[in-house]
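Open the model in a viewer and keep the selection tool at hand. The stops below say what to select next and what is there.

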Amino acid sequence: MDGNRRWAKARGLPVQEGHKFITPNLKNICNVSTKLGIQVITAFAFSTENWNRSKEEVDFLMKLYEQLFEEFMRFGGVRVSVIGGRSKLPIKLQKGIVLTEV
């Protein structure tokens with residue numbers, strides 16, 4: 001999911017416009033992967049360096065990730081497992097992760 005920020009900047013758009021592609025792109029990747037028989041995919045979504053971005057951008061991303069996990073709870077046939085630290089994530093997002101991983 002790397003490059004959404006650069007994509008928006010290259011087009012003179014706010015970075016949030018690029019980030020909005022996270023959910024539909026990831027859903028599309030899951031759909032295509034399922035059709036191709038691919039059983040495991042890894043999506044790199046947020047690194048520790050991303051915490052250095054503006055609070056506005058980080059907050060925007062956290063809201064997008066909350067929505068993404070809500071989508072995955074309704075997305076049949078996909079098992080989600082989150083790798084990495086969660087302690088700094090908003091509580092609502094942490095809860096969404098736990099509910100999705102069940």
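Is threonine 23 buried or exposed? Select threonine 23, which belongs to helix α3. The model is a predicted one, and in it threonine 23 counts as buried because its relative accessibility is 13%, where the cut-off for buried is under 20%. Now show what surrounds this residue. Apart from neighbours within four places in sequence, threonine 23 is in contact with Leu64, Leu68 and Glu71.

**Helices α3 and α4**

Next, select residues 22-35 for helix α3 and residues 55-74 for helix α4. Two packed helices are described by the angle between their axes and the distance between the axes. Here the axes come within 10 Å and cross at roughly 35°. The crossing of α3 and α4 is right-handed. To see the side chains involved, pick Ile22, Thr23, Leu26, Lys27 and Cys30 on α3, and Leu61, Leu64, Tyr65, Leu68, Glu71 and Phe72 on α4. Colour this contact by class and you will find eight nonpolar residues, one polar and two charged.

**Along α4**

Hide α3 for a moment and keep α4. How many residues does α4 have? The helix has 20, and the span from its first C-alpha to its last is 29 Å, close to the 28 Å expected at 1.5 Å a residue. Select its buried residues: Glu57, Val58, Leu61, Met62, Leu64, Tyr65, Glu66, Leu68, Phe69 and Phe72. Bring the rest of the chain back to see their cover, which includes α1 (4-10), α2 (15-19), α3 and α5 (91-101).

Two residues of α4 deserve a separate click. The first stop is glutamate 66, placed in helix α4. Glutamate 66 counts as buried because its relative accessibility is 9%. Setting aside neighbours within four places in sequence, glutamate 66 is in contact with Pro90, Lys92 and Leu93. Draw a line from the C-alpha of glutamate 66 to that of arginine 6: the two are separated by 22 Å and lie 60 residues apart along the chain.

Then go to arginine 74, also found in helix α4. Is arginine 74 buried or exposed? Arginine 74 is exposed, with a relative accessible area of 59%. Its C-alpha and that of glutamate 49 are 30 Å apart, although 25 residues separate the two along the chain.

**Aromatic pairs**

Show the aromatic rings next; the structure holds three aromatic pairs. A pair of aromatic rings is described by the distance of the centres and the angle of the planes. Start with tryptophan 7 and phenylalanine 21, whose ring centres are 4.9 Å apart and whose planes stand at 80°, so this pair is edge-to-face. The pair joins distant parts of the chain, with tryptophan 7 in helix α1 and phenylalanine 21 in the loop between α2 and α3, 14 residues apart. Tryptophan 7 is partly exposed at a relative accessible area of 31%, and phenylalanine 21 is partly exposed at 35%.

Move on to phenylalanine 46 and tryptophan 51. Their ring centres are 4.9 Å apart and the planes lie at 75°, so this pair is edge-to-face. Tryptophan 51 counts as partly exposed at 30% relative accessibility. Add Tyr65 to the selection, since ring pairs link Phe46, Trp51 and Tyr65 into a cluster.

Return to tryptophan 7. What does tryptophan 7 touch, not counting residues up to four places away in sequence? The list is Leu13, Glu17, Gly18 and Phe21. For a longer reach, select serine 54 as well: tryptophan 7 and serine 54 are 47 residues apart in sequence and 18 Å apart in space, C-alpha to C-alpha.

**Last stop: arginine 53**

Finish in the loop between α3 and α4, where arginine 53 is found. Arginine 53 counts as partly exposed at 24% relative accessibility. Beyond residues up to four places away in sequence, arginine 53 touches Arg5, His19, Val58 and Leu61. Of these contacts, select Val58 and Leu61 to return to α4, where both are among the buried residues.

Methods
Residues numbered from 1 in each chain as written. Predicted model: local features only at pLDDT ≥ 70, side-chain atom pairs only at ≥ 80, totals over all residues. Heavy atoms only, no water. Axes fitted to C-alpha atoms, helices over the stretch in contact; angles between N-to-C directions. Helix = DSSP H or I, 4+ residues; strand = E, 2+ residues; numbered from the N terminus. Left-handed = near helix turned anticlockwise from the far one by under 90°. Contact = heavy atoms within 4.5 Å. Nonpolar A, V, L, I, M, F, W, Y, C, P; charged D, E, K, R; others polar. Expected span 1.5 Å × (residues − 1). Buried < 20%, exposed > 50% of the residue type's maximum accessible area, 1.4 Å probe, protein only. Phe/Tyr/Trp six-rings, centres within 6.5 Å; stacked < 30°, edge-to-face > 60°.
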